[in-house]
There are 2 protein chains.
Amino acid sequence: MITATTDLQTLGRNARKASRSLARLPGRVKDEALRNVADGLRSRSDEILEANAKDTDAGRRDGLSDSILDRLLLNPERLAALAEDVLAVAALPDPLGESFDVRQLPNGLRVGKRRVPLGVVGAIYENRPNVTVDISVLCLKSGNAVILRGGREAINSNTALAGLVQNGIAEAGVPGDAVQFVESTDRALVGEMLKMKDHIDLVIPRGGSDLVRRVAAEATMPAITGGIGVCHAYIDRTADVDKAVAIAHDAKVSRPSVCNALDTVLVHSAIAPAFLPKLAEEWGRSGVEIRCDRRALSILGSVDRRALTPVSDDDWGTEFLSLTAAVRVVDSLDEALEHISTYGSGHTDLIVTEDYSAANRFLDEVDSGVVMVNVSTRFNDGGQLGLGAEVAISTNKMHARGPMGLKELTSYKWTVQGNGQIRT
Amino acid sequence: MITATTDLQTLGRNARKASRSLARLPGRVKDEALRNVADGLRSRSDEILEANAKDTDAGRRDGLSDSILDRLLLNPERLAALAEDVLAVAALPDPLGESFDVRQLPNGLRVGKRRVPLGVVGAIYENRPNVTVDISVLCLKSGNAVILRGGREAINSNTALAGLVQNGIAEAGVPGDAVQFVESTDRALVGEMLKMKDHIDLVIPRGGSDLVRRVAAEATMPAITGGIGVCHAYIDRTADVDKAVAIAHDAKVSRPSVCNALDTVLVHSAIAPAFLPKLAEEWGRSGVEIRCDRRALSILGSVDRRALTPVSDDDWGTEFLSLTAAVRVVDSLDEALEHISTYGSGHTDLIVTEDYSAANRFLDEVDSGVVMVNVSTRFNDGGQLGLGAEVAISTNKMHARGPMGLKELTSYKWTVQGNGQIRT
């Protein structure tokens, strides 16, 4: 039980020590540890769900929003998916030790790079208890020690999950301090963690914009910022309307509380009359509130207007995290590109089109972490994109951008091997 | 002529604007610009050397140290080498647009990454005027705009070189604001630059530890820190003595004022009696002051002791930047590894050995940006390691480590292309 600053320092020193042995732990030991964690998630699911129920009950009593309650919630399906993700990470190749950019120079030097862990990762997160598992397993597989600090709302779930992870890795013979969990929910400890640059090499905030901004401002070590997804879909004049409706519906409705959910639809004026009524019908059935610009309102004037409201300027650039979306009619791809450049957060932006050149211009010109054609924004996710799981979705350009998996938790060292070469 | 904060803001905005067009500039235009710069370095060398003479004369009057004067100095050979480096960068492939990690997922999604520029780079440097050219050409080739802020001591050289670069790129049709130079040497402007996170995506300090520490502490944008090289050579018991002497001599003497020069020799006790007297003889001829531990002193007691002094604890972990070195006799590879882990700066560390296992253990276990076997530490240099030139040698683990060339000045975006995939 970590309650005070001195404890946090001890925990940091222990993490540093553990990171040294982790860096050279054989891949099979790490994978066995991960399989133990997946087994635990299955065999101890009742216990986890019980702890989670305490959190969700308390959250309901405290009047947490539906979107927070959804992020907080674990259920048998989500636990099973979590266990699947852990096994998927175990099945991935060990990222460490890989040599790359290897070559022999004209003077005979053999030069290359070798992938190595970062060291100690600090994770500061809020409502989603699955983060406890996702980040632990990715850090472990990539040879990094991790210090976990989850949100107050999920303390029971996180404590149970962290215990399960720690058991799983200990059974495989991984140093116990590889995964450490700050059990105290004292907010002052976050500030302390952000000062511990000698013990933490990278801090990853996972949560709302307040947390991300605080970490960016206060962290004394490198920080990944991201996770704020103001996601756009541009429905081009050549879009297949049914495909566009299905994609926009999935992107908005399948899990509105997460960062890759759709926020703003930009639709070309030539296709808006065909597209918008169908979209409004689909969204209407799911209770989506649509904030429309003047032209969209006028097109939708003839259909059910109960869920329509005029858009306000603040809605552009808003991450709704709920069943709300903004809609704007534009007259060209250029207008859409300009809108995205002005209001986007560089997280996920999508074009729906059948026009080859429009697709390519969108891919070339939109400067976001993930740029998509004809696919739901909800695929911007480490698991969905083949990383097994993710520690974060970065909107930084330095180090890693977009979903961060194993490779993004590593650094490299150069190796230079010669036979007596000198420069003079 | 940039003299005030408002000017600096304007310059930042212009750099941002230039970066947008730079990102899509064809490679051949950029390469033509670089060849123009190389031509300028050759055809206008008198003018550059004249400006440089003003700086070195002023530096001598102001009593600058020999090591600073050496870093400040341009001569025909150095200018010719600089032009060669520029041509080498021009000859490298364009790093932009490269797709990597491309694959098709089982659900048919085509996923990949595309290399893109960072945006705007800020360079803050001290005495070495070649940095003006090195950083400009690497930024240009990698599609980044750059804001250059060189040291007061080199202001004449830098102004001349920046003008030459700006002419060269303008002739090729590159936007003029791609390379901007802060002509004022007002130190307050450094603080202003470090606040401009909206206009500068990455700041690179090139200079002494005071500058690097200041940038690390004050920068509001990501900063590469590094360039502080406390470089070790461990001479293993199985080393070839002549090779070891030649390497240690080159590493210390060929250019003592730079970060990849050797600082500390750790020598195995079994080979110290054969190695140290030969090294002391070579170093003695070049005027190297040797700071010895007790055992090294006793071995060298029988040879010329004029350049020998007892080492002090502060010498371990010191970057001498001069003809000074520390020497310690150790009894094992482990003792050397422990010393490097304690006193190293993670920049460049070397083993000289004929023992296969010792070489591999050193490569595996030393956690530095560049780890070497049987080669002079002076090869830790972007030009020498095949990058054409370098913007910095990073001792960070995030983003880039070791010498940073073109690729290290880029980010990437994910592209996800589908045909209507949704998650539900």
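Modeller: Two strands pair if DSSP finds at least two bridges between them. Strands themselves are DSSP runs of E, at least two residues long, and helices are runs of H or I, at least four; both are numbered from the N terminus. This is a predicted model, where local features need pLDDT of at least 70 and side-chain atom pairs 80 or more, while totals for chains, interfaces and linings use all residues. Residues are numbered from 1 along each chain as its sequence is written, with chains lettered from A and ligands numbered from 1 in the order in which they are written.

Colleague: What makes β13(A) and strand β16 of chain B a pair?

Modeller: Five bridges join them, and they run parallel. Pairing takes at least two bridges, so β13(A) and β16(B) pair. For instance, A:M372 has B:V416 as its bridge partner.

Colleague: Why is A:N374 called buried or exposed?

Modeller: Count the other C-beta atoms within 10 Å, placed from the backbone: 20 or more is buried, 12 or fewer is exposed, and in between is partly exposed. A:N374 has 23, so it is buried. It sits in strand β13 (residues 370–375) of chain A. Its phi is positive, about 55°, although it is not a glycine.

Colleague: And what is A:D101 called, buried, exposed or partly exposed?

Modeller: A:D101 has 13 such atoms, so it is partly exposed. It lies in strand β1 (residues 99–104) of chain A. A:D101 is not a glycine either, yet its phi is positive, about 50°.

Colleague: How do you know which residues of chains A and B are in contact, and how many are there?

Modeller: Two residues are in contact if their C-beta atoms, placed from the backbone, lie within 7 Å. By that test, 47 residues of chain A touch 47 of chain B. On the chain A side, β16(A) gives the most, with 11 residues.

Colleague: What makes β5 and β6 of chain B edge strands?

Modeller: Four strands form an open, parallel sheet in the order β5-β4-β3-β6 (chain B). β5 (179–181) and β6 (202–206) each have a single partner strand, so one side of each has no neighbour in the sheet. The twist averages 20° from one strand to the next.

Colleague: Which helix packs on β4 and β5 of chain B, and at what angle to β5(B)?

Modeller: Helix α7 (residues 155–171) of chain B does, at about 155° to β5(B). Such angles run from 0 to 180 degrees between N-to-C directions; axes are lines fitted to C-alpha atoms, for helices over the stretch in contact. Helix α9 (residues 209–218) of chain B lies across β3 and β6 of chain B, at about 160° to β6(B).
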